[in-house]
Amino acid sequence: IEDVARSNGLRLDHGKNKLTSFSLKGTRAALDGVAECTRVAGGSSGGNDAVAGSGSGGESGGGNEAELAEALRLNEAAVQKYDAGDYSGAEPLFRRVVEIHELTFGAEHLNTARSLNNLALILKLKGSYEDAERLYLRALAILETALGPDHIDTAQGLTNLAGLLLAKGNYEKATSLYRRALSIRERALG
């Protein structure tokens, strides 16, 4: 597991039994890959939650190291393409990560929700609003079921969907979702 982690800009902190990033280049990939690497190592994500990288909680679907390493590699490559503005190049990579997460962890797992969110972002940026909305809604449903309607990650899922609705011109619904997300954040963070 340490080789998989190291190749993705992570290191296993044995004293705290969690993965941490040790390079700026790998930080985004680290967020996206913490849960997978940690699960292979037999631990939990250590609370490294951000929506693009919310991979905490739940059991593994029995995936193997090779599948998880492939998902990490593909995700990092997709993020690099995203950073370069190559959304068409990122899309098939994120689609494959979703497939791997669905097969490895299950369709209703938090890792799958994170992957769906990443793919939805790319589709939104490419103007495929209906497909993006379907994926954002699916990711949000997983977050609400797994974490509850008042979790900070659920708030981020609401914000992501609201941003899409705003882009579509559905200002009333977007405003409602933004307000709900803000309320959750205020309660959670004070």
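1. Aromatic pairing. This is a predicted model, and the structure holds 1 aromatic pair. The partners are Y82 and Y87, whose ring centres lie 6.0 Å apart, with 40 degrees between the planes. The pair is classed as tilted because planes under 30 degrees apart count as stacked and those over 60 as edge-to-face. Y82 has a relative accessible area of 26% and is therefore partly exposed. Y87 is likewise partly exposed, at 26% relative accessibility.

2. Overall architecture. The protein contains 8 helices and 2 strands. Read from the N terminus, the order of elements is α-β-β-α-α-α-α-α-α-α. The protein has 190 residues, of which 44% count as buried. Among contacts with a separation of 6 or more, 56% are made by residues 24 or more positions apart. The exposed surface of the protein amounts to about 9000 Å², and carbon and sulfur atoms supply 51% of that area.

3. Geometry of helix α4. Does the end-to-end distance of α4 agree or disagree with the length expected for its 19 residues? Helix α4 covers residues 87-105, and at 1.5 Å a residue it should span 27 Å. The expected span is taken as 1.5 Å times one less than the number of residues. The C-alpha atoms at the two ends of α4 are 26 Å apart, which agrees with the expectation. After the helix comes G106, with a positive phi near 110 degrees.

4. Burial along helix α4. Which residues of α4 are buried? They are G89, A90, E91, L93, F94, V97, V98, I100, H101, T104 and F105. The list includes the charged residue E91, which is linked with R95 and K126 in a network of salt bridges. By contrast, E102 of helix α4 is partly exposed, with a relative accessible area of 28%.

5. The surroundings of K81. K81 is placed in helix α3, which comprises residues 65-83. At 32% relative accessibility, K81 counts as partly exposed, because that category lies between the limits of 20% and 50%. When neighbours within four places in sequence are left aside, K81 is in contact with D86, G89, A90 and L93. Of these contact partners, G89, A90 and L93 are among the buried residues of α4. K81 and E91 are 10 residues apart in sequence, and their C-alpha atoms are 9.0 Å apart in space.

6. The salt bridge of K81. In total, the structure holds 10 salt bridges. One of them joins the side chains of K81 and D86, at 3.8 Å from N to O. The K81 to D86 pair qualifies because the cut-off for a salt bridge is 4 Å. D86 is partly exposed, at 31% relative accessibility.

7. A link between helices α4 and α6. How far apart in sequence are R138 and E102? Their side chains meet in a salt bridge of 2.6 Å, N to O. This pair links distant parts of the chain, 36 residues apart, with R138 in helix α6 (residues 129-147) and E102 in helix α4. R138 counts as partly exposed, at 27% relative accessibility.

8. A link between helices α6 and α8. R180 forms a salt bridge with E144, and the closest N and O atoms are 2.7 Å apart. R180 lies in helix α8 and E144 in helix α6, so the pair ties together parts that are 36 residues apart in sequence. R180 is partly exposed, at 32% relative accessibility. E144 also counts as partly exposed, with a relative accessible area of 27%.

9. S183 in helix α8. Helix α8 comprises residues 171-189 and includes S183. Is S183 buried, partly exposed or exposed? Its relative accessible area is 26%, and S183 is therefore partly exposed. S183 and D150 are 33 residues apart along the chain, while their C-alpha atoms are separated by 8.8 Å.

10. Nonpolar surface patch. L166, Y171 and Y178 make a nonpolar surface patch of about 300 Å². L166 is located in helix α7, which covers residues 152-168. At 40% relative accessibility, L166 counts as partly exposed. L166 thus clears the patch requirement, because residues in patches need over 30% relative accessible area.

Terms used. Residues are numbered from 1 along each chain as its sequence is written. This is a predicted model: local features need pLDDT of at least 70, side-chain atom pairs count only at pLDDT 80 or more; totals for chains, interfaces and linings use all residues. Side-chain values use heavy atoms; hydrogens and water are left out. Helices (H or I, at least four residues) and strands (E, at least two) are DSSP runs, numbered from the N terminus. Buried means under 20% relative accessible area, exposed over 50%, partly exposed in between (1.4 Å probe, protein chains only). Patches are made of residues with over 30% relative accessible area and no salt bridge: like charges are joined within 9 Å, nonpolar side chains (Val, Leu, Ile, Met, Phe, Trp, Tyr) within 5 Å. Accessible areas come from the Shrake-Rupley method with a 1.4 Å probe; for residues, only the protein chains shown count as cover. Rings of Phe, Tyr and Trp (its six-membered ring) pair if their centres lie within 6.5 Å; planes under 30 degrees apart count as stacked, over 60 as edge-to-face and the rest as tilted. Contact means heavy atoms within 4.5 Å.
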